[in-house]
Each structure stands twice: as C-alpha cells, then as structure tokens.
Amino acid sequence: MEESQPMFEMGQRVHSVGDTRRIGTVKYIGPVEGYSGTWVGVDWDNGDGKHDGSVNGVRYFQATLEKSASFVRPQNLSSGITFLEALMVRYQGQTTKEEEDEMYVLSASNKKVSIQLIGKDKIQNKLNHFEELCSASLAYLGVSSAGNPSQISSLVPNLKELDLTGNLIFNWKVELLKDCLPSLEELHLMGNKISEITPASNFVQGFSSLRILNLDENCISDWSEVLKLSTLTSLEQLHLSKNNISQVFYPLTESNNEASSNGAFQNLHCLLLGANNIVDLASVDSLNSFPRLTDVRLSENPIADPGRGGIPRFVLIARLKKVEVFNGSEVSCRERKESEIRYVRLVMAKLHENRVEIKRQHPRFYELKSLHGLEDERPFNGATGPQKMSSGLLTINLKCVGASMGEKPPLVKKLPATTTVGKLKILCETFFKLKSVELKLFLQEEGSPLPTLLDNEMESLLDVGIGNDSTILVDEES
C-alpha cells in the first residue's frame, strides 16, 4: 500500500525535515515536467535554492530571488509542530550545549537574556516541574500551532516570557494562547513572516498581562493590521522594526479629536519602527496622538535619513512633543529646547505668512513659537510680499577630522545664517589653511549616533538646520 503524503497548501510556511532553520513558503504544489509524482515548490527565506521558480523553460511560480527556490518532495518537508510539542522537545528531552546556549528571550532592548532553565535534577522528574517555568525560548523549533489549550494552561500556568522567534506562525495563530497563558507578559515573534493579524473579532482580545510584543523582522505593511493590537490594555512596548510599514496613523473618532487615556494603545510608551519605509511627516506627527508614547525609533526610515531626502534629528524632535528617547538616545532638556528653537527659526525663514498653510505643514509651529518667545525675524512689506530675511549671525564650532589634515585646534566662528554650504567649504580652507584638499562637511547633532553629511552646496546654514553652537566636522573626500 502506498504511503500517504503530507498535505500542504499555498502560502503555507514549512521547513526542511531535520533542519528547522531552513524555512520557506510554499509557492507551488503539483507535477514538474520531466519528473514523476507530486512536488512542492518552496521559496526559501535564506535565498539558498536552485532556481527562481522555473525549470527547463517552464515557469511554475515566481521566487523572491534568482536562486531562492527549489522543488522538494512532500515527505522532505514539515509543516511544523504544536507549541506543546515544542515545549517537550526543548525542556523534556536531554539538551546539547548548543541548545542551552540558545535558551534565551529577547529583552526590551533586543539583548539576549538567559531564561530560567529546569535544573538537571528536575529534568529527571520532567513534567512534575513544568509549572515552575516562567520563561521559555522555543526559537527555530518549527512551531506552527498551539495545541490543546487546556493542556497548555495546566502544563505551564506561570509562563511570563515566551520567545517564538523564527517559527512558522505566519497568520497570527498565537491568539489561541490568550486564554491558556493568562500570566504572559512578553511575547517575541520575530522572523515569522507575519503579514496580517487576523483575530477572531476586529481586535486582538485577551492577553491582559502582555506588556511587550516583539514583531520585528516580519512582513507587516498595512498599519491597519497594527491597529488590531490597539486594545491590548497592558501593552507598553511594541517592536515593529524591519517590516514594510510606510504609514502610521492614530485612530481618532469624530467624537474624540484628541488622544485620550481611554483610547487606542492607552499604555504604550515605546514604539520601535526602525528600518521600515516611512516617508511622510504626517506619520511622524501622528505619534503625538498616542497618549503615553515617550520612546520612539525611526532610524533607517527614509523620513529620518537626510541622505535619502529625509529630515534631520532636530526637526523630528521638535515635531514629537512628548518623546524622551529618540532612536535609542535620550533627548535632554537642552537638546529639546535647542531643537525646537532651531526648527521654529527654520520655518520662519522658509515659509510665507500664511497661517493656514503653516499650521497644515507644521502643526507645532505656533505652539513652539509662543513657548520660546520667538519673534518674526523677517519683515513684511504689505502688497509687495515678504522681504529677504535679515542676515543674523550664527556661532559655529568647526573641527578638523580629516586624516591628512594634521592636528588643528577647533575654531569658533560667527557666520551669516545665509552662508551656503559651498561658501563654508571655501571659508574652512582659509580658516584651517588647507591646500589642495577637497572638503566634505558634516553636521554633528547631540544625541545622533552619526553626523549628517551636508552635500548640497547651494543650501544655506539655516536650510540644513544649523543653529547657534552647532558643530561642523571638516573632513576630506576619500
């Protein structure tokens, strides 16, 4: 009698039998010309395949990369195991040194933290002590479903931290855990290719103790999917870096035009959105509507990268009213004040006196202008329109950092705010007595890990966000 074949479906997540780290997505099921039997076309996450979904001139599917796909016999693929089975594999059986090294959870700062292991003496008594397990790492074990909820709740009633990184949970089956793990406070779901959150109702329910949810390195692109998590009342940290998110917004209702402590994400204070595709300032401004949000990460997004047409750190800080930690570094009182003043002056220098337009493009402008007692620095002349801004002087700190420039003491210079980047390069050649050196300038901002390259020679110091006491690094082209 012919042995029955494993059943798969399109879009399902699978791994190679015997290798739970070799994970891919089913893209084709059926015959392959020139070969007998049924084959499963898999697009592998690590790109380690043989073709792009076509063989001998026949296209079966389109893979992500030129050689990220291969055809595999069904019996050589696994659709995964249950959460319960993974617990048994990891904690009931004997473990190797390598497996023990992997038994960690990810802390709020994404650092590996050793978890509570069942001691060797207790392992001999196995199931009798599962109720003592508070933290569990089931990373890369091929978990694809929960298992019997009643068995889970009786087996690990005190589980608080759970790491399910790199498994096969691509369609939010974790909601099945909400009732059987009532004490769960941290849940890590990195690298599961989750693109949609599909709760039983419109919003994810339960998880009343969940404080940290890590969804880094998934495939979420639509912010509406994230909003399905907005009713998790205890959620304090939400990790969404390395997804495909391009827009962020806060769900205000007609009767609730301002953020409320009773609204969405009512206790969220940390939102990590690094390495996504956010390009618009409206997404940045929407973060002010989250009631308790004070820690934000936007690094590696186009909007936060001046090199890709984004805006500098000081503008983002000025627009984000409540943020105390930005891109991993603390926003000091001094940095906030200086950022807000520089931002207001930048807006005053660039925009005409059209209050509606200014309010639309810069929602905090008039608030900050009043807060810091800043007067208009540009006179207006009736029907003839705005006159050129008077050239105020800025105090600039200049530091030579080029390898071949030798040790030169830093200089402090007062320059007109209208000085262009190109003109400043010429002045630096004179100030530091540099000859036959092609210069490049960087703006070093407090709290920013990397200086910002000033590559547009036509922009003025004011245009690029340079204010009083700014530091410019003078380097040489390599």
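## Close-up views of a predicted model

Thr 25 is buried, with a relative accessible area of 15%. Keep in mind throughout that this is a predicted model.

**View 1. Thr 25 and its surroundings.**
We start with Thr 25, which is found in strand S2, residues 19-32. Why does Thr 25 count as buried? The cut-off for buried is under 20% relative accessible area, and Thr 25 has 15%, so the label fits. Setting aside residues up to four places away in sequence, Thr 25 touches Gly 11, Gln 12, Arg 13, Gly 41, Val 42, Asp 43 and Asp 45. With one of these, Arg 13, there is a polar contact between side chains, at 2.9 Å. Now try Ala 63, which is 38 residues from Thr 25 along the chain. The C-alpha atoms of Thr 25 and Ala 63 are separated by 9.8 Å.

**View 2. Strand S2 with S1 and S3.**
Here you can follow S2 to its partners. Strand S1, residues 13-16, runs antiparallel to S2, and four bridges join them. If you want to trace one of those pairings, look for Ser 16, whose bridge partner in S2 is Asp 19. The hairpin of S1 and S2 has two residues between the strands, and in this hairpin Gly 18 takes a positive phi near 90°. How many bridges join S2 to strand S3, residues 35-44? There are seven, and again the two strands run antiparallel. Our friend Thr 25 stands opposite Asp 43 in S3. The hairpin of S2 and S3 also has two residues between the strands, and there Gly 34 takes a positive phi near 95°.

**View 3. His 15 in strand S1.**
Next up is His 15, which sits in strand S1. Is His 15 buried or exposed? His 15 counts as buried, at 6% relative accessibility. Leave aside the neighbours within four places in sequence, and His 15 is in contact with Thr 20, Arg 22, Ile 23, Asn 76, Leu 77, Ser 78, Gly 80, Gly 142 and Leu 168.

**View 4. The open sheet and helix H1.**
Nine strands make up this open sheet, and their pairing is mixed. Reading across, the order is S11-S13-S14-S15-S16-S17-S18-S19-S20. Strand S11 (135-137) and strand S20 (329-330) are at the edges with a single partner strand each, so one side of each has no neighbour in the sheet. Helix H1, residues 83-92, packs on the sheet and touches S11 and strand S13 (161-163). The direction of H1 makes about 90° with that of S11. For a look at one pairing, find strand S18 (residues 295-297) and strand S19 (residues 325-326), which run parallel and are joined by two bridges. Asp 295 has Val 325 in S19 as its bridge partner.

**View 5. Leu 210 in a loop.**
Where does Leu 210 lie? Leu 210 is in the loop between strand S14 (186-188) and strand S15 (212-214). At 2% relative accessibility, this loop residue, Leu 210, counts as buried. Apart from residues up to four places away in sequence, Leu 210 touches Leu 184, Glu 185, Glu 186, Leu 187, Leu 232, Ser 234 and Leu 235. Glu 161 is 49 residues from Leu 210 along the chain, with 9.4 Å between their C-alpha atoms.

**View 6. Aromatic rings and charges.**
A search of the whole structure turns up eight aromatic pairs. One of the pairs is formed by Phe 365 and Tyr 366, and this pair is edge-to-face. The ring centres are 4.9 Å apart, with 75° between the planes. Phe 365 counts as buried at 3% relative accessibility, and Tyr 366 counts as buried at 18%. Elsewhere, ring pairs link Tyr 28, Tyr 60, Phe 61 and Phe 71 into a cluster. Charges sit over rings, too. The charged end of Arg 22 is over the ring of Trp 44, 3.9 Å from the ring centre. Likewise, the charged end of Arg 342 sits over the ring of Phe 314, 4.1 Å from the ring centre.

**View 7. Stepping back to the whole protein.**
Finally, zoom out: the protein has eleven helices and 25 strands. Of its 478 residues, 47% are buried. Among contacts with a separation of 6 or more, residues 24 or more positions apart account for 68%.

Notes. Residues are numbered from 1 along each chain as its sequence is written. This is a predicted model: local features need pLDDT of at least 70, side-chain atom pairs count only at pLDDT 80 or more; totals for chains, interfaces and linings use all residues. Side-chain values use heavy atoms; hydrogens and water are left out. Two strands pair if DSSP finds at least two bridges between them. Contact means heavy atoms within 4.5 Å. Axes are lines fitted to C-alpha atoms, for helices over the stretch in contact, and angles run from 0 to 180 degrees between N-to-C directions. Buried means under 20% relative accessible area, exposed over 50%, partly exposed in between (1.4 Å probe, protein chains only). A polar contact is a pair of N or O atoms within 3.5 Å; within protein, one must be able to donate a hydrogen and the other to accept it, and residues adjacent in sequence count only if both atoms are side-chain atoms. Rings of Phe, Tyr and Trp (its six-membered ring) pair if their centres lie within 6.5 Å; planes under 30 degrees apart count as stacked, over 60 as edge-to-face and the rest as tilted. A charge sits over a ring if NZ of Lys or CZ of Arg is within 6 Å of the ring centre and within 35 degrees of the ring normal.
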